[in-house]
Amino acid sequence: MNKPIAIITGASTGIGQSLSIKLSDKYFIYLVSRNKEKLQKTAELIKNKNNQCKMIVADVSRRKSIDLIYSQIKNKQDIELLVNNAGIAIFNNISKLSIDDWDKQLNTNLRGCFLMTKMIIDDLKSKKSGKIVFINSVAGLNPYKDSTAYVTSKYGLRGFSSALREELREYNIKVISVYPGAIDTPLWNNMGMDDLRQEMMTIDDISGIIINAINSPNNCTTEEITIRRVAGDF
Ligand SMILES: NC(=O)c1ccc[n+]([C@@H]2O[C@H](COP(=O)([O-])OP(=O)(O)OC[C@H]3O[C@@H](n4cnc5c(N)ncnc54)[C@H](OP(=O)(O)O)[C@@H]3O)[C@@H](O)[C@H]2O)c1
């Protein structure tokens, strides 16, 4: 019997890389992101565990990429899990925020999740099983200054995933939204936050909690989890 398939976006670094490596024990992983070299690193780490994966170099925000991603997935009836994790953050006040940076964040963090979900949804519906994980943020629950585009994308994602959950109940598809606070990942590179990084949550701790949620048994689902530092947000 084939291993079930998990598709993980943003698998080249950070949370997506960690989830890909850990989930490869149970799933055949399709690794999706734009940077081939970094994706190769994740693929190597999975192969070092004697687990299997395939890389798909693609930009999730582009309509055409979605066709390319779908065409590269074999055994579509085995798709069991989609982790919508790819995301970018460009923090700036509204005067300095460029229209391009607004578009990039909305297109990656929100449109990308919609496109990826739409891509596989009929495969999950037809077999009446599956799980879709959305890596949101505490910025999808609370507003923060200098981050209008990021907050908008994550509030939008909260709306999308919540409505989707209601729609998919009758198909036995679990929709899991994760709302983490700050985690020490490459997302914070070159943001002038280096002093705070060692006080952030770790990638391994976060990915372990997410995997527990994915593994909720039988007819139980972990619908939403908020994961913060004990000390609270920065
Ligand atoms: N770090 C935090 O403090 C934190 C807190 C809450 C929520 N989050 C969320 O967690 C998710 C993962 O972020 P991270 O912290 O792990 O940061 P990260 O290390 O920068 O990872 C982001 C990933 O997304 C990929 N990506 C970006 N744009 C893409 C696109 N258009 N198409 C395909 N892949 C794309 C990147 O790969 P390529 O460059 O190879 O495309 C990378 O693999 C994001 O949604 C972020 O909003 C992070």
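**Close-up views of helix 7 and the sheet in a predicted model**

**View A. The buried side of helix 7.** In helix 7, a DSSP run of H or I with at least four residues, numbered from the N terminus, the residues I203, I206, S207, I210, I211, A213 and I214 are buried (under 20% relative accessible area, with exposed meaning over 50%, 1.4 Å probe, protein chains only). These residues cover an arc of only 155° around the axis, taken from the directions from the helix axis to the C-beta atoms, and therefore lie on the same side of helix 7. The face turned away from that side carries the exposed residues D204, D205 and N212. This is a predicted model, in which local features need pLDDT of at least 70 and side-chain atom pairs count only at pLDDT 80 or more, while totals for chains, interfaces and linings use all residues. Residues are numbered from 1 along each chain as its sequence is written, and side-chain values use heavy atoms, with hydrogens and water left out.

**View B. Packing partners of helix 7.** The buried residues of helix 7 pack against helix 1 (14–23), strand 4 (79–84), strand 5 (130–135), strand 6 (173–180) and strand 7 (224–227), where contact means heavy atoms within 4.5 Å and strands are DSSP runs of E with at least two residues.

**View C. The open sheet and its edges.** Seven strands in the order 3-2-1-4-5-6-7 form an open sheet with parallel pairing, two strands being paired if DSSP finds at least two bridges between them. Strand 3 (53–57) and strand 7 are the edge strands, each pairing on one side only. Strand 6 is joined to strand 7 by four bridges, and V178 stands opposite I225 in strand 7.
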